[in-house]
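Visitor: Please pick one part of this model and take me through it slowly, one residue at a time. I would like to hear what surrounds it as well.

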Amino acid sequence: ASSVFAFLRRGNEDDADVLVVANLTPAPHHAYRVGVPHAGRWAEILNSDADIYGGSNMGNGGGAQTTAQAAHGFAQSVALMLPPLAVVFLRHDR
């Protein structure tokens with residue numbers, strides 16, 4: 001089991017959707033694919049593994065771009081670097 005928990009916080013007409021993904025293991029997950037409802041760029045707005053929080057600074061280089069690879073019931077997905085024992089928040093850039 002990958003011990004990853006993900007959920008989507010749906011924004012209203014003024015707010016963008018936010019994807020929250022937690023890696024609950026002490027090992028990083030490279031290119032972990034998560035389905036998303038909107039194509040385009042998803043900006044990494046918080047990474048609990050950032051060095052400013054005492055982490056190892058593993059992350060997604062500021063965000064991730066979708067690909068047309070279906071996952072979790074959506075037509076597109078993002079491949080994410082999930083740092084160990086960390087949570088990343090990504091906001092859809094509209």
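Guide: A word on naming before we start: strands here are DSSP runs of E with at least two residues, numbered from the N terminus. Please also keep in mind that this is a predicted model.

Let's begin with the loop between strand 6 (76-82) and strand 7 (86-92), where Leu 85 is found. Leu 85 is not a glycine, yet its phi is positive, at about 50°. Leu 85 counts as exposed because its relative accessibility is 60%, and the cut-off for exposed is over 50%. Ala 31 makes a useful companion: its phi, near 55°, is also a positive value in a residue other than glycine. Ala 31, however, sits in strand 3 (residues 29-36). With a relative accessibility of 58%, Ala 31 counts as exposed too.

Now to Asp 49, whose contacts include Pro 83, Pro 84 and Ala 86. Asp 49 belongs to the loop between strand 4 (41-47) and strand 5 (63-65). Besides those three, Asp 49 touches Gly 55, Ser 56, Asn 57 and Met 58, with residues up to four places away in sequence left out of the list. Two of these neighbours deserve a closer look. The side chains of Asp 49 and Ser 56 are joined by a polar contact of 2.6 Å. As for Met 58, its backbone nitrogen lies 3.0 Å from a polar atom of the Asp 49 side chain.

What about a charged partner? Side chains of opposite charge can pair when their charged atoms come close. Asp 49 is buried but has no salt bridge, and the nearest side chain of opposite charge, that of Arg 41, is 17 Å away.

Arg 41 does have a partner elsewhere: it forms a salt bridge with Asp 93, with 3.6 Å between the closest N and O atoms. Arg 41 lies in strand 4 and Asp 93 in the segment after strand 7, so this pair ties together parts that are 52 residues apart in sequence. Arg 41 is partly exposed at a relative accessible area of 35%, and Asp 93 is partly exposed at 32%.

The structure holds two salt bridges. Besides the pair just described, Arg 10 forms one with Asp 17, where the closest N and O atoms are 3.6 Å apart. Asp 17 counts as buried, with 7% relative accessibility. So here are two buried aspartates to set side by side: Asp 17, at under 20% relative accessible area, has a salt bridge, whereas Asp 49 has none.

Let's finish with Ile 45, which is placed in strand 4. Together with Leu 46, Ile 52 and Tyr 53, Ile 45 makes a nonpolar surface patch of about 410 Å². At 40% relative accessibility, Ile 45 counts as partly exposed. Setting aside neighbours within four places in sequence, Ile 45 is in contact with Val 18, Phe 89, Leu 90 and Arg 91. Ile 45 and Arg 33 are twelve residues apart along the chain, and their C-alpha atoms are separated by 18 Å. For another pair, take Phe 5 of strand 1 (residues 4-9): Phe 5 and Val 87 are 82 residues apart along the chain, with 9.2 Å between their C-alpha atoms.

Technical notes. Residues numbered from 1 in each chain as written. Predicted model: local features only at pLDDT ≥ 70, side-chain atom pairs only at ≥ 80, totals over all residues. Heavy atoms only, no water. Helix = DSSP H or I, 4+ residues; strand = E, 2+ residues; numbered from the N terminus. Buried < 20%, exposed > 50% of the residue type's maximum accessible area, 1.4 Å probe, protein only. Lys, Arg positive; Asp, Glu negative; His and termini not counted. Salt bridge = Lys/Arg side-chain N within 4 Å of Asp/Glu carboxyl O. Polar contact = N/O pair within 3.5 Å; in protein donor to acceptor, adjacent residues only side chain to side chain. Contact = heavy atoms within 4.5 Å. Patch = residues over 30% accessible without salt bridge, like charges linked within 9 Å, V, L, I, M, F, W, Y side chains within 5 Å. Areas by Shrake-Rupley, 256 points an atom, 1.4 Å probe, with all protein chains shown as cover.
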